[in-house]
Every structure is written in C-alpha cells, then in structure tokens.
Amino acid sequence: MSVVALVGTLDTKGAEYQWMADRLAASGVEVLVVETGTSPTHGYTGDIAVGRDEVARAAGSDIEQLVAGNDRGVATTTMGEGAAVVLERLYGEGRLDGVLALGGSGGSSIAARAVRDLPIGLPKLIVSTMASGDVSPYVGASDVTLMYSVVDISGINQISRSVLGNAAAAIAGMADAYAARRADEQYDDRPLVAASMFGVTTPAVESARARLEELGYEVLVFHATGSGGRAIEKLASSGLLAGVLDLTTTELADDLVGGVLSAGPARLTAAGDAGVPQVVSLGALDMVNFGPRDTVPERFEHRHFFIHNPTITLMRTTVEENAELGRRIGAKLAAAVAPTVLMVPRAGVSALDAEGMPFADTAADDALFDAVLRGVDGSAVTVIDSDHHINDDGFAVRAADELDRLIRGRN
C-alpha cells in the first residue's frame, strides 16, 4: 500500500482535509496527516499522524510561543520548516510515496517549503488558489505539481468536489506508481553529470553529451531558462552529481542586464562551493532574453535585437556588459574549491555569434574573454583558450574529456 502525506492547516481547512483524507482512503492509499496550522484543529475528526506541536518542535520552536508571538509571517515560515523536517524523516523511513496539500497563499507557502527538499521523482501536488499566476515561489527548482483550485478552498461544493476529487485521484495514482517503481526499478548506477544548454548551444551540448555517455556517464541536460540554472545549482549542492558541464552560462547575462531568464546572482557558485568538478564555458553570453518585441523595456530601444520567434526577443550584449560578465564569472570560478576548467571559445559563444551571423561582435567577445581570463589569473582554474567556436565538435568533445579527467582525478 502506498503512503500519502496530507500536509495542511487543519485549523482553517479541517473539513476540506477530512474530505480529502476520506477520498484518499477510498482510493486504497494509507494517509498520514501532518498538521501545520497554529490554532486548534477545526472541522477535522480523523487521525493526525504528526500534530502541530511536533511540527513546531521539528523547526526548533514551541507552538505556544509561536502563537503568542502573533506574527503570521514567522508562524508560516516556522511551520513550513518543521513540516519539511517531518517529511524528510518520513521519506528516510520509507513511509512516503507522495505529498498532497491544499491552501491559499499561506497554506501554499507552507506546503511549498515542506516539499522543496524532497527528492525529484517523489510526487508532490499542491492544490492552490495561487496556481494561476506566477508560481515560481511555490515550484522553485523542484518537480512540484500545482493544480488551480478555481474556487477558494472553503467548503465542499460542486466545483471544489470535482477539483479536489481529481487531486485525490491524481496523487493516489502517482503514489502507487512511485511505490511500484521504487520496488521494481533496476537503478542506474552511472555517475550523473549536469549540463546546461540553450537552443544556440545545442550542437555543443549534444556532442559533449554523446562523448560523456561513451565514457560511462548519465547526462542530465537543463535548459538555461532561469529555472534550469536553479535546478543545476540545487543538484550541485545535493551531492548527487559527479560533475557539471556548464557550457551555457547565459542566465548570468539576464541577471546583469534585466532579462527574463535570470537564475539569480548565485548562478555558477554551487558546484564550486560543493567541490563538484566543473567545466565552464561562456555559452550564449552574447544575448539577453525578453518576451515579445513590444514587451522589451523602453530603455533598451536603441539596442541590437534579433527576433527569435514571436514570443522571444534576443538583445545583443554590449562591450561594457561583456566586460562585467567576464569579471563576475572570473571571480566565481577563482573562488571555487572544486576542480575547475574554463574553456574560452574565441570563434564565438553561440550560433548567433559566429562569423557572419547577426550577433557577431569581436569587440564585445574580446571584452568578455579578456575580463574572465584576468579574473582567473593566478587561481587554481585550468584555462583552455581555444580558437574554436563553442558549437564546434572538437571544442565540445574536449570539454567532455576535460570533465572526465577532473572527475577521475578527484576519485
């Protein structure tokens, strides 16, 4: 029998959680209720596996002091942290095949924190009133499934009965499939490598991936769209990766200039901090990403653009921006405690940056190359200054071979 944890505020959504617990039990799964409300339970009459006192203690707090503090923000954060500890424990004990939560903004925030650090692949479903807007605060870099509640989670009615019924059926099915997979799966024990890719660096990453697979690695490719970069950083910190092939660092350009695909200022730090061998290049730093052309901020009107498609507009980075990007990347790599190789593709950093292409700009590229080389000068970073374009097969295979060398040397 698979096990689903129901995580929620039983003080405000008790009746709804009771209804969900009954539906899950009828689906044949074992239900463990984890209480994250700060007030006494209201409307829920079933068993509670982990009460609010225990959840608060798991976060190093006391429920009475938390309530007395009368600070909703602190209470929400604390209960989310405590629920995360509880779920990690249940998973470690082999008693967790899925997680389901319901909520508005507060309940969704608690649930999102509770499931954030659980392994990728473990089903996590949140039914939320917030699921139709910007969901990045709830999903982050995890594989959380969000379902829009349509109506507020306030009572069981014709609409909520359908939506919540679908949610119960979905998590039950996912949990059963996860439990069966965990029991029967022949685990692949090849070392894992994460690789960053963009459309304009696809040939490089595909060639490198093929070479790494020949060498005995399993390669996880992430699209450098902000969430992809955050996922690489999370995995690099998790201890699951043998190495990182970070050929496409374009998200740093969006972070610097204000594009829509930033992975945040911490991009390109986790592997270096965690000691994970990394081969890094400068893929797609010739561009900043925006949505449709008419959404580009007016302050950039004088800039050089390329319309990639009706929903994506690319803007060429300048000499000054490239110099700053090189400085930032150089500083990040020089500070790494991990074995690190920097590969500089002198003939261009993307498909649009090759000779004769729309973003070809020798001065901007040279500013990038010069700054990053200055940044790593005197550090432990190994530099491969190549005359190749980033998408040349020879460059990509060399990158794969260098990562293999670092990983084998570390082992």
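# A walk through two sheets and their helices

Five strands make up an open sheet, lined up in the order 2-1-3-4-5, and the pairing is parallel. Select these strands to begin the tour, and bear in mind that you are looking at a predicted model. Now find the borders of the sheet: strand 2 and strand 5 (145-148) are the edge strands, each pairing on one side only. Look along the sheet and you can follow its twist, which averages 20° from one strand to the next.

**Stop 1: strands 1 and 2**

Next, select residues 3-8 and residues 30-35. The 3-8 stretch is strand 1 and the 30-35 stretch is strand 2; they run parallel, with six bridges joining them. Want to see some partners? Click on Ala5, then on Leu32 in strand 2, which is its bridge partner. Do it again with Val7, whose bridge partner in strand 2 is Val34. While you have the side chains switched on, here is a handy rule: in a regular strand, side chains alternate between the two faces of the sheet.

**Stop 2: helix 1**

How does the chain get from strand 1 to strand 2? Add residues 14-26, which are helix 1: strand 1, helix 1 and strand 2 together make a right-handed β-α-β unit. Keep helix 1 selected and bring in strand 3 (98-103) too. Helix 1 lies across strand 1, strand 2 and strand 3, and it runs at about 175° to strand 1.

**Stop 3: helix 1 meets helix 7**

Now add residues 158-184, which form helix 7. Its axis and the axis of helix 1 come within 9 Å and cross at roughly 45°. That angle makes helix 1 oblique to helix 7. The crossing of these two helices is right-handed. Which residues make the contact? From helix 1, pick Trp19, Met20, Arg23 and Leu24; from helix 7, pick Arg161, Leu164, Gly165, Ala167, Ala168, Ile171 and Ala172. Colour them by class and you get eight nonpolar, one polar and two charged residues.

**Stop 4: a three-stranded sheet**

Time to jump further along the chain. Here an open sheet of three strands has the order 10-12-11, and its pairing is antiparallel. Select 287-290 for strand 10 and 305-309 for strand 11: these are the edge strands, each pairing on one side only. The twist in this sheet averages 25° from one strand to the next. Then add residues 312-316, which are strand 12; strand 11 pairs with strand 12 over four bridges in the antiparallel sense. To see one of those pairings, click on Phe306 and look for its bridge partner in strand 12, Leu314.

**Last stop: helices 12 and 13**

Finish by selecting residues 319-334 (helix 12) and residues 362-376 (helix 13), whose axes come within 7 Å and cross at roughly 25°. Helix 12 and helix 13 are therefore roughly parallel to each other. Their crossing is right-handed. What holds the two sides of this contact? On helix 12, show Val319, Asn322, Ala323, Leu325, Gly326, Arg327, Ile329, Gly330, Leu333 and Ala334; on helix 13, show Ala363, Ala364, Ala367, Leu368, Ala371, Val372, Gly375 and Val376. Sorted by class, the contact has 13 nonpolar, four polar and one charged residues.

Terms used: Residues numbered from 1 in each chain as written. Predicted model: local features only at pLDDT ≥ 70, side-chain atom pairs only at ≥ 80, totals over all residues. Heavy atoms only, no water. Axes fitted to C-alpha atoms, helices over the stretch in contact; angles between N-to-C directions. Parallel < 35°, antiparallel > 145°, perpendicular 65-115°, else oblique. Left-handed = near helix turned anticlockwise from the far one by under 90°. Contact = heavy atoms within 4.5 Å. Nonpolar A, V, L, I, M, F, W, Y, C, P; charged D, E, K, R; others polar. Pairing = 2+ DSSP bridges. Right-handed = clockwise from strand over helix to strand, strands pointing away.
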